[in-house]
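Work through the following exercises with the sequence and the structure side by side, and try each task before you read its solution.

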Amino acid sequence: MPLLGLGVWQGRPEDGPHVEAAVRTAIEAGYRSIDTASAYENERGVGRAVRECGVPREEIFVTTKVANPDHGYDKALHAVDRSLRELDLDYVDLILIHWPVSVRASFLDTWRALEKVYAEGKVKAIGVSNFQIHHLEKLLGASEVVPAVNQVEYHPLLTQLELHSYCKTKGIQLEAWSPLMLGRVLEEPVVQELSERYGRTPAQIVLRWDLQNGVVTIPKSANPQRIHENADLFSFELSAADMERLSGLNRNERSGMDPDKFEQAWSW
């Protein structure tokens, strides 16, 4: 799994050409990982861009997710097939349970469905998103396959140290969504200072912090310049002291929903 990918959240279906353009730009800039979801309703545009970009399919890592209304064994099986049709791909590299909700059905039933499509080769890996430790413990206690990935909100204001440590002990790769906190973290004085000192954009400083912490990151952008800038993370390194300063910004502050409160508020 590439350390860096492009997220396409909020790339709506009516913005299909823009989503496709962003994915094509990212691939041209060297990205080899694209993260979408059924709930984003843009799988069709993502799949078209991946198929037509000129890069061999096996070199591009495609992630999608099972939406909340599709929890349950049979519904999840249908959801995987629907995503494959929308993407028009023979397989996806990774499919995630989007949120650990259980209003309509247990996410354990959904996981059993993902284990089945994994065994069938429709997906190369299965994982989860927005799972806290107690969700993971429940899943691991009733499953055959350990999630390959846990995709969560992660940035210097929400370092999730306990969750990250737990995932490491279980062999689960942590992946960051909203790594720039919708731009809010970029305004932090420490980030601004490091940006000037390293001669890098604030976004590059934060994304480099992700990578040096061993966290896969998928910044979202449709701006070609930012897509290229966000890809330029491998020619510099933050010092240990500066890594600590960034981690010290933690306030357990979220830009998205708290997974433990999401079930009462979700609308997807």
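**Exercise 1. A charged pair between two helices**

Is Glu-20 buried or exposed? Decide this first, and then find the partner with which Glu-20 forms a salt bridge.

Solution. Keep in mind from the start that this is a predicted model. The relative accessible area of Glu-20 is 13%, and because buried means under 20%, Glu-20 counts as buried. The partner of Glu-20 in the salt bridge is Arg-48, and the closest N and O atoms of the pair are 2.4 Å apart. Since Glu-20 belongs to helix H1 (residues 16-28) and Arg-48 to helix H2 (residues 43-52), the pair ties together parts that are 28 residues apart in sequence. Arg-48 itself has a relative accessibility of 28%, so it counts as partly exposed.

**Exercise 2. Two further salt bridges**

Work out where in the structure the partners lie in the salt bridge of Asp-81 with Lys-122, and then do this for Arg-112 and Asp-109.

Solution. Begin with Asp-81 and Lys-122, whose side chains meet at 2.9 Å, N to O. Asp-81 is part of helix H3, while Lys-122 sits in the loop between helix H4 (107-120) and strand S5 (126-129), so this pair ties together parts that are 41 residues apart in sequence. Asp-81 is partly exposed at 26% relative accessibility, and Lys-122 is also partly exposed, at 26%. These two residues belong to a network of salt bridges that links Asp-81, Lys-116, Glu-120 and Lys-122.

Now turn to Arg-112 and Asp-109, whose side chains form a salt bridge at 3.5 Å, N to O. Both of these residues lie in helix H4, three residues apart, which is about one turn of the helix. Arg-112 is partly exposed, with a relative accessibility of 42%, and Asp-109, at 28%, is partly exposed as well. The count for the structure comes to 18 salt bridges.

**Exercise 3. The surroundings of Val-92**

Describe where Val-92 is found, and list the residues that it contacts beyond its neighbours within four places in sequence.

Solution. Val-92 is found in the loop that runs between helix H3 (73-87) and strand S4 (94-97). With a relative accessibility of 2%, Val-92 counts as buried. When its neighbours within four places in sequence are left aside, the contacts of Val-92 are Arg-57, Val-62, Thr-64, Leu-84, Leu-87, Lys-122, Val-123 and Lys-124. Take Val-123 as one of these: Val-92 and Val-123 are 31 residues apart in sequence, yet their C-alpha atoms are 4.9 Å apart in space.

**Exercise 4. Reading the sheet**

Which strands stand at the edges of the sheet, and how are S5 and S6 joined?

Solution. The sheet is open and consists of eight strands in the order S1-S2-S3-S4-S5-S6-S7-S8, with parallel pairing. Strand S1 (6-7) and strand S8 (216-217) stand at the edges, and because each has a single partner strand, one side of each is left without a neighbour in the sheet. S1 is joined by two bridges to strand S2 (residues 33-35), and the two run parallel; Leu-6 has Ile-34 in S2 as its bridge partner.

Two bridges also join S5 to S6, again in parallel, and there Ser-129 stands opposite Gln-151 in S6. In strand S6 (residues 149-153), five of the five residues are buried, so this strand is largely enclosed by the rest of the structure.

**Exercise 5. The two sides of a helix**

Which residues of helix H10 are buried, and which are exposed on the other side?

Solution. In helix H10 (residues 240-247), the buried residues are Asp-242, Met-243 and Leu-246. Looking down the axis of H10, you find these buried residues within an arc of 105 degrees, so they line one face of the helix. They pack against helix H7 (189-198) and helix H8 (202-212). On the other side of H10, the exposed residues are Ala-240 and Glu-244.

**Exercise 6. The largest pocket**

Which residues lie closest to the centre of the largest pocket?

Solution. The largest pocket holds about 710 Å³ of space. It is lined by 33 residues, of which Trp-9, Ser-178, Pro-179, Leu-182 and Lys-220 are the closest to its centre. H8 and helix H9 (224-231) each supply at least two residues of this lining, and the largest share, three residues, comes from H9.

Note on methods:
Residues numbered from 1 in each chain as written. Predicted model: local features only at pLDDT ≥ 70, side-chain atom pairs only at ≥ 80, totals over all residues. Heavy atoms only, no water. Buried < 20%, exposed > 50% of the residue type's maximum accessible area, 1.4 Å probe, protein only. Helix = DSSP H or I, 4+ residues; strand = E, 2+ residues; numbered from the N terminus. Arc of directions from axis to C-beta. Contact = heavy atoms within 4.5 Å. Pairing = 2+ DSSP bridges. Salt bridge = Lys/Arg side-chain N within 4 Å of Asp/Glu carboxyl O. 1 Å grid on protein atoms, 1.4 Å probe; cavity = no way out; pocket = protein on both sides within 12 Å on 5 of 7 lines; lining within 4 Å. Points joined across faces, edges and corners; volume = space filled by probe spheres on them.
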